[in-house]
Amino acid sequence: MTAQLELRNLSRHFGGIRAVDGVSFAIAPGRITGLVGPNGAGKSTLFNVVTGTIRPSGGTVLFEGRPLAAGQPGAMARRGLIRSFQSTMSWPELGVRRHLEQAALLRALAAPRLLLRRGRIAEARRRAARLADDILEFTGLAAVAEAPVATLPYGSQKIVGVAMALAAEPTLLLADEPAAGLNGAETLAMEALLRRIHRERGVSLVVVEHDLPMIMRLCDRLIALADGRVIADGTPAEVRRSRHFIEAYLGSDADAA
């Protein structure tokens, strides 16, 4: 089976800093994979390279067996590789429904030549409106559909961020710290939503998260980074027992403590 996402010796350097240093792994479709590591491990930089926000210094990213064009996030979105971000909304004064409609237009707007045919823009907007309504119901946001995002509680804003990514119709969703800043109940709600996206929408997930209990419950597989390199890869139980993983979080004297 072709890997849905494959990284081959991927690197990104900033001067003398090797933020991502020769990372290689492959992710099969239909999985929930966690990407973990302490602050500065290279997780967000890796996401930025994979999604085309920044160019790699070396190596290759393949999506469904085909190389991804570096520095072209729109092309990646058209193919179904979508990222959610740690921060909340870019347009805080707009309502939730408008956010989802804008996100639903992402693939069409990433291929503007397809919109030049008569009626295609109106058709795309009608489809975006239908998709937004569907996702409002799916994510439990229908009751606040017209509310400006800036007026929502922080936990609801985080759900809007994931809903926007879902509105772009991913086949693989890269979720960047979806539970950051959430309390215990909100974290459980986010975890449940991610499970439903995977189970009911058939979307594969790669999740960066600092909440280790949450990500170990959620994921089939964990890939741990430290200093830009993979230090452990396996099931959550296997990674949790890894000496390199323990040292990355607790220090090299952890076994002696």
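This is a short talk about the sheet, the helices and a salt bridge in one predicted model.

Before we look, please keep in mind that the model is predicted, so that local features need pLDDT of at least 70 and side-chain atom pairs count only at pLDDT 80 or more, while totals for chains, interfaces and linings use all residues. Residues are numbered from 1 along each chain as its sequence is written, and side-chain values use heavy atoms, with hydrogens and water left out.

Let me start with the sheet. It is an open sheet of six strands, in the order β6-β7-β8-β3-β9-β10, and its pairing is mixed. Helices (H or I, at least four residues) and strands (E, at least two) are DSSP runs, numbered from the N terminus, and two strands pair if DSSP finds at least two bridges between them. As general background, strands of a sheet pair through backbone hydrogen bonds, either parallel or antiparallel. Which strands stand at the edges? They are β6 (81–84) and β10 (229–234), and each has a single partner strand, so one side of each is left without a neighbour in the sheet. From one strand to the next, the twist averages 20°. At one of these edges, β6 pairs with β7 (residues 172–176) in the parallel sense over four bridges, and there I82 stands opposite L173 in β7.

Two helices lie across strands of this sheet. Helix α1 (residues 43–50) lies across β3, β6, β7, β8 and β9, and runs at about 145° to β7, whereas helix α10 (residues 243–250) lies across β3, β9 and β10, running at about 125° to β10. For such angles, axes are lines fitted to C-alpha atoms, for helices over the stretch in contact, and the angles run from 0 to 180 degrees between N-to-C directions; contact itself means heavy atoms within 4.5 Å.

Now let us turn to helices that pack on one another, beginning with α3 (residues 96–104) and α5, whose axes are 8 Å apart at an angle of about 125°. That makes α3 oblique to α5, since angles under 35 degrees count as roughly parallel, over 145 as roughly antiparallel, 65 to 115 as roughly perpendicular and the rest as oblique. In this contact, V96, R97, L100, E101 and A104 of α3 meet residues of α5 that include A128, L131 and D133.

On to α5 (residues 120–139) and α6 (residues 154–167), whose axes come within 10 Å and cross at roughly 140°, which means that α5 is oblique to α6. L131, I135, F138 and T139 of α5 make this contact with I159, A163, L166 and A167 of α6.

How do α6 and α7 lie relative to each other, parallel or antiparallel? Their axes come within 10 Å and cross at roughly 15°, and the two helices are therefore roughly parallel to each other. G155, K158, I159, V162 and L166 of α6 take part in the contact, and from α7 there are E186, M190, L193, L194, I197 and R201.

Finally, the structure holds 15 salt bridges, where a salt bridge is a side-chain nitrogen of Lys or Arg within 4 Å of a carboxyl oxygen of Asp or Glu. In one of them, the side chains of D134 and R201 meet at 2.9 Å, N to O. This pair links distant parts of the chain, with D134 in helix α5 and R201 in helix α7 (residues 184–201), 67 residues apart.
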